[in-house]
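Q: Happy to walk through this one with you. Shall we take a look?

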Amino acid sequence: MPNLQNQIALVTGATAGIGQVTATELAKMGAHVVILARNAEKAAATQREIKAAAGHDHVDVLLADLADLSQVRRAAAEFNAKYPRLDILVNNAGLILGAERQTSPEGYELGVATNHLGPFLLTSLLFDKLKASPAARVVNVASTAYRMARPDFADFQSARSYGALAVYANTKLYNILFTQELARRLRAHGIGNVTTNALHPGVVASSFGSGAQGLMSIFVQLGRPFMISSAKGAETSIFLASAPEVASISGGYFDKKKAQAVKNSFNTPGHARQLWETSEELTGTSFLA
Ligand SMILES: NC(=O)c1ccc[n+]([C@@H]2O[C@H](COP(=O)([O-])OP(=O)(O)OC[C@H]3O[C@@H](n4cnc5c(N)ncnc54)[C@H](OP(=O)(O)O)[C@@H]3O)[C@@H](O)[C@H]2O)c1
């Protein structure tokens, strides 16, 4: 087990499923863990559980709903004021929404706001703290659902055409494109002390899909007996966040701790750049320009 003493790790979506296991295991390795959560009660309960499992008290809570960019800005400012650096950032929180299109406080489609724009803004605003680490890792939890993605940048907010699964697949491809573009920009800026990788955790019997409706909800329920545990599902996140053997790997997409090719015709450097620029515009931020 790697020793993460003196490392500061931020895990989003740590109040359930894969994120909770990831945060717990990093804390058990000695990391000072900060959990970003939107629900204060759940966060306090999770904080208690992680402290008990890790046997130390270095577990903090940062409250923010990732879909609300003003909350992301406030949480990032709180983090930046309190901690000297960030060694591990796990952008884990993510969801699939229901059959009705919903919007975030900024008026963005809620799935793209939660799964992509919030994490993009958070990473941007914490970037100076990542740079301040001797060796920082940004781990982005994507999904093999990216294979079904057919994004239309002209309808980025799914205003003309909305489908819960289509949005989910698109945002999971965005997680991978973001990872690749971040790795490219880090290299272009000669920043060698920050790496980033994306992953598919497996098909996990977590709370995932609890907000789904119709056929998608039936599919999730029927599939549950065949799914892996959250503990198993967290293995690749923990591996990318802590294993020495991937310390210098960046821009990869992993499944079962192995690097995999990304199979989607939309996966091009041009689209990754376009996604980055669109995300900067929509979140009002700019980094690694
Ligand atoms: N489960 C699977 O089979 C599977 C497969 C492939 C990829 N993934 C990916 O794995 C990641 C984790 O999923 P999971 O299976 O562990 O799901 P989960 O059990 O539903 O947990 C999701 C976590 O994200 C948090 N979250 C959701 N929306 C948020 C928001 N707007 N702001 C802040 N936190 C938010 C949830 O908080 P609350 O507790 O407040 O709801 C929860 O802690 C997701 O990115 C998902 O896309 C999962």
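A: Of the 28 residues around the ligand, those that come nearest are G13, G17, G94, S206 and F208. Here a residue is near a molecule if its C-beta atom, placed from the backbone, lies within 6 Å of it. This is a predicted model: local features need pLDDT of at least 70, side-chain atom pairs count only at pLDDT 80 or more, and totals for chains, interfaces and linings use all residues. Residues are numbered from 1 along each chain as its sequence is written.

Q: What makes up the shell around the ligand in terms of nonpolar, polar and charged residues?
A: The shell divides into 12 nonpolar, 13 polar and three charged residues. Ala, Val, Leu, Ile, Met, Phe, Trp, Tyr, Cys and Pro count as nonpolar, Asp, Glu, Lys and Arg as charged, and the others, Gly among them, as polar.

Q: Why is the chain called as compact as a globular protein of that length?
A: The radius of gyration of the chain, taken over C-alpha atoms, is 17 Å, close to the 19 Å that the globule rule gives for 289 residues, so the chain earns that description. The rule is 2.2 Å times the number of residues to the power 0.38.

Q: How do you know what share of the chain is buried?
A: A residue is buried if 20 or more other C-beta atoms, placed from the backbone, lie within 10 Å of its own. Buried residues make up 48% of the 289 residues.

Definitions and conventions:
Buried ≥ 20, exposed ≤ 12 C-beta atoms within 10 Å, placed from the backbone.
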